[in-house]
Amino acid sequence: MMKKIETRIFRLGGILQLGFPQLERNEIEAFRSLKGFRFCGALKMWHIIYYKGVVGYLNGLHKGRYLFLEDMTDLRHIQDVQAEQQRKVAHVKLDKAAGMMYVKHTYDTHFYKALRVLEDSHYDSVNRRWTIPLGENYAKLCKSAKSYAFEIEASTIEKSTEVEDD
């Protein structure tokens with residue numbers, strides 16, 4: 001049976017987005033391969049960049065499995081989410097046994113650049129997270145997070161042999 005997925009258009013930072021207000025965990029995993037698939041904390045929904053024909057593209061890509069329902073809102077009356085309304089979060093998993101930390105964060109150019117310059121930091125595009133050695137880098141990460149108004153949600157990995165993804 002094909003599952004119907006509701007969509008909602010909104011404007012984030014001046015760019016139109018197509019949001020999915022009621023996704024379940026398995027659907028989120030199925031859509032992670034979509035380019036630019038992100039979470040908007042202010043609206044509490046996953047989204048991608050909107051363009052004319054994106055709903056048709058998604059329906060073709062997931063034919064038989066999902067049916068995306070197009071938001072028929074007039075584009076002149078779309079909700080605008082201001083940058084200051086967005087919740088900026090850095091999810092940090094600490095693996096003390098391996099001496100590493102794994103960081104996923106709300107996209108922010110300045111914070112991205114701050115992570116990029118940390119010693120031996122590496123962006124893992126497969127798992128969509130930063131891999132950074134612990135030590136002084138953790139304090140630097142916290143300082144950068146504070147200066148760019150990020151909240152840190154930290155957890156510790158018990159076994160370094162099995163690093164689970166969010």
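## Exercises on a predicted model

Lys3, Glu24 and Glu27 form a linked network of salt bridges. The model is a predicted one, and the exercises below start from this network before turning to the helices, the strands and the surface.

### Exercise 1. The salt-bridge network

Work out which side chains meet in salt bridges with Lys3, and which parts of the chain these pairs tie together.

Solution. Begin with the count, which comes to three salt bridges. In one of them the side chains of Lys3 and Glu24 meet at 3.3 Å, N to O. Lys3 belongs to strand 1 (residues 3-6) and Glu24 to the loop between strand 3 (15-20) and helix 1, so this pair ties together parts that are 21 residues apart in sequence. Next, the side chain of Lys3 also meets that of Glu27, with an N to O distance of 2.6 Å. Here the partners lie in strand 1 and in helix 1, so the pair ties together parts that are 24 residues apart in sequence. Outside this network, the side chains of Arg32 and Glu29 meet in a salt bridge at 3.3 Å, N to O.

### Exercise 2. Accessibility of the charged partners

Classify Lys3, Glu24, Glu27 and Glu29 as buried or partly exposed, and name the residues that Glu27 contacts beyond its neighbours in sequence.

Solution. The step needs one cut-off: buried means under 20% relative accessible area, exposed means over 50%, and partly exposed lies in between. Lys3, at 29% relative accessibility, is therefore partly exposed, and Glu24, with a relative accessible area of 45%, is partly exposed as well. Glu29 is also partly exposed, at 41%. Glu27, by contrast, has a relative accessibility of 2% and counts as buried. Glu27 is placed in helix 1 (residues 25-31), and, once neighbours within four places in sequence are left aside, Glu27 is in contact with Lys3, Ile5, Gln22 and Tyr66.

### Exercise 3. The buried faces of two helices

For helix 2 and helix 3, list the buried residues, decide how they are arranged about the axis, and state what covers them.

Solution. Take helix 2 (54-61), where the buried residues are Val54, Val55, Leu58 and Asn59. Viewed down the axis of helix 2, these residues fall within an arc of 140°, so they line one face of the helix. A general rule helps here: an α-helix has 3.6 residues a turn, so residues three or four places apart point the same way. The cover over the buried residues of helix 2 includes strand 3, strand 5 (45-49) and strand 6.

Now turn to helix 3 (residues 109-116), in which Phe111, Ala114 and Leu115 are buried. Down the axis of helix 3 the buried residues keep within an arc of 95°, so they too line one face of the helix. Their cover includes strand 8 (89-95), strand 9 (100-105), strand 11 (129-133) and helix 4 (136-147).

### Exercise 4. The surroundings of strand 9

Establish how far strand 9 is enclosed, and describe its pairing with strand 8 and with strand 11.

Solution. Six of the six residues of strand 9 are buried, so the strand is largely enclosed by the rest of the structure. In a regular strand the side chains alternate between the two faces of the sheet. Accordingly, sort the residues by direction: Met100, Tyr102 and Lys104 point one way from strand 9, while Met101, Val103 and His105 point the other way.

The pairing comes next. Strand 8 and strand 9 are antiparallel and pair over six bridges, with Asp95 standing opposite Met100. Four residues lie between the strands in this hairpin, and Gly99 takes a positive phi near 70° there. Strand 9 is also joined to strand 11 by four bridges, again in the antiparallel sense, and the bridge partner of Tyr102 in strand 11 is Thr131.

### Exercise 5. Met2 and its surroundings

Which residues make a nonpolar surface patch with Met2, and how far apart in space are Lys63 and Met2?

Solution. Met2, Leu67 and Leu69 make a nonpolar surface patch of about 220 Å². Of these, Leu67 is placed in strand 6 (residues 66-69) and is partly exposed, with a relative accessible area of 31%. For the second part, locate Lys63 in the loop between helix 2 and strand 6, where Lys63 is exposed at 73% relative accessible area. Lys63 and Met2 are 61 residues apart in sequence, and their C-alpha atoms are 8.7 Å apart in space.

Key:
Residues are numbered from 1 along each chain as its sequence is written. This is a predicted model: local features need pLDDT of at least 70, side-chain atom pairs count only at pLDDT 80 or more; totals for chains, interfaces and linings use all residues. Side-chain values use heavy atoms; hydrogens and water are left out. Patches are made of residues with over 30% relative accessible area and no salt bridge: like charges are joined within 9 Å, nonpolar side chains (Val, Leu, Ile, Met, Phe, Trp, Tyr) within 5 Å. Accessible areas come from the Shrake-Rupley method with a 1.4 Å probe; for residues, only the protein chains shown count as cover. A salt bridge is a side-chain nitrogen of Lys or Arg within 4 Å of a carboxyl oxygen of Asp or Glu. Helices (H or I, at least four residues) and strands (E, at least two) are DSSP runs, numbered from the N terminus. Buried means under 20% relative accessible area, exposed over 50%, partly exposed in between (1.4 Å probe, protein chains only). The arc is that of the directions from the helix axis to the C-beta atoms. Contact means heavy atoms within 4.5 Å. Two strands pair if DSSP finds at least two bridges between them.
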